[in-house]
Amino acid sequence: MNDAFSQLHPAASFAFFVAVITLTMLYMHPVLLIISLAAAAGYVCILKGARHFGKTLIYLVPFLIFMSVLNALFNHAGVTPLFYLSNGNAVTKEALTFGFYASVMLSAVILWFECFNVVMTSDKLLCLFGRLSPSVSLLLSMALRFVPKFGRKIRSIDAARAQIGQGSAQGGFIRRVKNSMKVLSVTLTWALESSLTAANSMKSRGYGAARRTSFSLYRFTVRDAVTMVLCAFAVGVTAACVVSGGIYARYYPSVIISGFGGIPALGMAAFALLCFLPQLFDAKEALVWRRLRSAI
Amino acid sequence: MPQTVKKSRVTVTLTVIVLSAAAIAVETWLWSSRKYYLTSVIIILLAMLPFFARFEGRRPQVREIVLLAVMTAFAVAGRVAFYWAPQFKPVCAIVILTAAAFNAEAGFITGAAAGLISNMFFGQGPWTPWQMFGFGLVGFFAGVLFGGREVKTVPMLVYGFFSVLIIYGVLLDTGSLFMYSQEVSLKALLAMYASGFTFNLIHASGTVVFLLLLQKPVLSKLRRIKIKYGMLQ
């Protein structure tokens with residue numbers, strides 16, 4: 001993974017994902033949805049590799065087909081019947097079309113969340129919201145750190161108990177459940193005691209006496225500001241084009257999809273700019289790198 | 001309760017109601033087709049806000065924060081440990097026990113935090129706010145019913161079963177419908193509840209099993225800690 005976009009300040013990355021996911025869910029226009037899906041797929045390939053994306057497709061494509069069929073079977077709105085089911089309900093062209101685009105929307109959102117999970121690591125989320133709410137973010141960051149810590153402790157207690165024949169994998173079923181509960185119980189006692197000792201120690205070192213500072217690797221620079229302004233600009237232009245009525249999609253009772261001409265094209269271009277921002281960003285970085293290298 | 005705290009609570013509650021109403025109004029009038037998912041998530045986030053704001057606002061002791069972090073981590077570790085058993089998870093049981101040992105606020109915070117943190121291991125998605133709110137509410141009502149009182153086993157098991165089946169299950173199924181379908185009707189909702197019923201039943205029974213197993217050790221440990229360190233009274 002060599003992605004410059006994910007090295008932006010958390011605020012810029014977060015703003016990008018909020019913008020892109022919200023707009024994808026908001027406007028059910030085929031062109032916008034396909035732009036979003038393509039961009040999301042491309043970004044997943046950059047972040048996790050084409051092979052991982054191939055694996056995702058294995059469940060995404062059947063899901064896509066399943067959702068469109070399901071909508072057509074259960075939703076009978078629309079004026080163009082294709083054929084009739086045995087119970088007399090019509091399967092309409094509109095329901096099929098809508099189901100298809102709804103599943104495209106959902107796939108795009110799922111893919112964007114895959115990117116979100118790679119880019120927005122837990123430390124970035126904490127850096128972002130830590131200042132907003134210091135107590136809650138302390139709670140979250142401690143809990144996040146306790147999970148692997150408890151895991152290790154559970155394993156070591158279990159290993160010690162296994163030496164006296166009380167391990168979680170020894171004996172019959174009932175015995176094993178009992179032993180496992182004992183291991184958990186010991187771990188909980190230890191966890192509570194040691195964390196409260198830590199709390200006392202924190203208190204005696206002055207926690208809560210002044211505003212808490214927190215370490216983070218991220219600095220908000222010009223390029224983060226530029227990214228956020230670009231996002232806001234693209235969202236504004238897209239929204240303006242949709243509100244002005246140029247980009248319009250309706251599925252019931254009959255399918256009406258409009259979006260030809262200058263203004264809609266502008267809106268779609270702005271949306272594409274937003275969705276492909278990571279790729280554009282990477283391309284720019286690659287270009288700069290090439291130029292720097294050839295100058296040496 | 002001091003007058004100012006009461007006042008600010010009323011203000012926060014009113015703000016949330018007004019903003020939720022505004023979100024619904026925007027949904028109905030501004031957008032041509034209904035955006036159930038976006039609107040519902042905005043309302044859920046708004047609804048969670050007062051709980052966190054109140055926790056933050058009363059400047060909790062380090063001990064409380066650390067203790068809730070331990071219980072959150074325990075719930076998350078439980079979800080991770082049982083990753084192979086669909087819906088058979090101890091999260092709700094641990095959240096209910098935390099709420100019973102302390103109070104409704106502790107239950108909500110632990111539940112919501114467990115929802116958020118566990119998805120850092122399993123992957124965040126459109127379902128995260130729903131899970132946070134679901135776990136949070138299960139904990140909140142457990143705290144209202146049992147918080148700080150002598151706990152009787154049977155009522156708690158009954159609560160565990162029905163809270164997971166009804167509060168968490170219905171909330172999450174509604175969320176799934178909003179996520180996966182743009183056509184929301186009573187019929188579609190009922191179909192969704194019917195299809196999710198088996199999973200919710202497993203989840204609810206699992207919660208009862210975990211409550212039975214964990215109730216005694218966890219409650220006695222928390223009580224001991226409470227007495228020893230004199231906290232969250």
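Start at Gly167(A): setting aside neighbours within four places in sequence, this glycine is in contact with Asp158(A), Arg161(A), Ala162(A) and Asn179(A). The model is predicted. Gly167(A) sits in the loop between H6 and H7 of chain A. Its relative accessible area is 2%, so Gly167(A) counts as buried. Val183(A) lies 16 residues away in sequence, and the two C-alpha atoms are 8.2 Å apart.

Now step back to the whole of chain A. The chain has 10 helices and 4 strands. Their order along the sequence is α-α-α-β-β-α-α-α-α-α-β-β-α-α. So the strands come as two β-β pairs in that pattern, with helices before, between and after them. The C-alpha trace spans about 75 × 65 × 45 Å along its principal axes. The radius of gyration is 26 Å, whereas a compact globule of 296 residues would have one near 19 Å. Of those 296 residues, 43% count as buried.

Contacts in chain A reach across the sequence. Among contacts with a separation of 6 or more, 73% join residues 24 or more positions apart. Ala239(A) and Leu23(A) give an example of parts far apart along the chain: 216 residues separate them, but their C-alpha atoms are 8.6 Å apart. Ala239(A) belongs to helix H8 of chain A, residues 222–243. With 23% relative accessibility, Ala239(A) is partly exposed.

The surface of chain A comes next. Its accessible area is about 15,300 Å², and carbon and sulfur atoms contribute 68% of that. The chain carries 27 positive and 9 negative charges. The mean positions of these two sets are 9 Å apart.

Look next at helix H5 of chain A, residues 122–130. Its buried residues are Lys124(A), Leu125(A), Leu126(A), Cys127(A) and Gly130(A). What do these buried residues pack against? Within chain A, the partners are helix H1 (10–26), helix H4 (93–119) and helix H6 (134–162). From chain B, helix H5 (104–122) joins them. The packing around H5(A) thus involves both chains.

Chain B has 8 helices and 0 strands. Its pattern reads α-α-α-α-α-α-α-α. The chain has 233 residues, and 55% of them are buried. Residues 24 or more positions apart make up 74% of its contacts with a separation of 6 or more. Its accessible surface comes to about 10,600 Å², with 70% belonging to carbon and sulfur atoms.

Salt bridges are the next topic. Side chains of opposite charge can pair when their charged atoms come close. Over all chains, the count is 6 salt bridges.

One of them joins Glu114(A) and Lys48(A), with the closest N and O atoms 3.5 Å apart. Glu114(A) is in helix H4 of chain A and Lys48(A) is in helix H2 (residues 30–48), so the pair ties together parts 66 residues apart in sequence. The two ends differ in exposure. Glu114(A) is buried, at a relative accessible area of 13%. Lys48(A) is partly exposed, at 37%.

Another salt bridge links Lys228(B) and Glu193(A), at 3.1 Å from N to O. This pair crosses between chains: Lys228(B) is in helix H8 (residues 186–229) of chain B, and Glu193(A) is in helix H7 (residues 173–204) of chain A. Is each partner buried or partly exposed? Lys228(B) is partly exposed, with a relative accessible area of 47%. Glu193(A) is buried, with 17%. Arg224(B) belongs to the picture too: Glu193(A), Arg224(B) and Lys228(B) are linked in a network of salt bridges.

A further salt bridge lies within chain B. Arg58(B) pairs with Glu105(B), and their closest N and O atoms are 2.7 Å apart. Arg58(B) is in the loop between helix H2 (36–57) and helix H3 (62–81), while Glu105(B) is in helix H5 of chain B, so the pair ties together parts 47 residues apart in sequence. Arg58(B) is partly exposed, with a relative accessible area of 35%. Glu105(B) is buried, at 11% relative accessibility.

Terms used. Residues are numbered from 1 along each chain as its sequence is written. Chains are lettered from A and ligands numbered from 1 in the order in which they are written. This is a predicted model: local features need pLDDT of at least 70, side-chain atom pairs count only at pLDDT 80 or more; totals for chains, interfaces and linings use all residues. Side-chain values use heavy atoms; hydrogens and water are left out. The radius of gyration is taken over C-alpha atoms; the globule rule is 2.2 Å times the number of residues to the power 0.38. Buried means under 20% relative accessible area, exposed over 50%, partly exposed in between (1.4 Å probe, protein chains only). Contact means heavy atoms within 4.5 Å. Accessible areas come from the Shrake-Rupley method with a 1.4 Å probe; for residues, only the protein chains shown count as cover. Lys and Arg count as positive and Asp and Glu as negative; His and the chain ends are not counted. The place of a charge is taken as NZ of Lys, CZ of Arg, CG of Asp or CD of Glu. A salt bridge is a side-chain nitrogen of Lys or Arg within 4 Å of a carboxyl oxygen of Asp or Glu.
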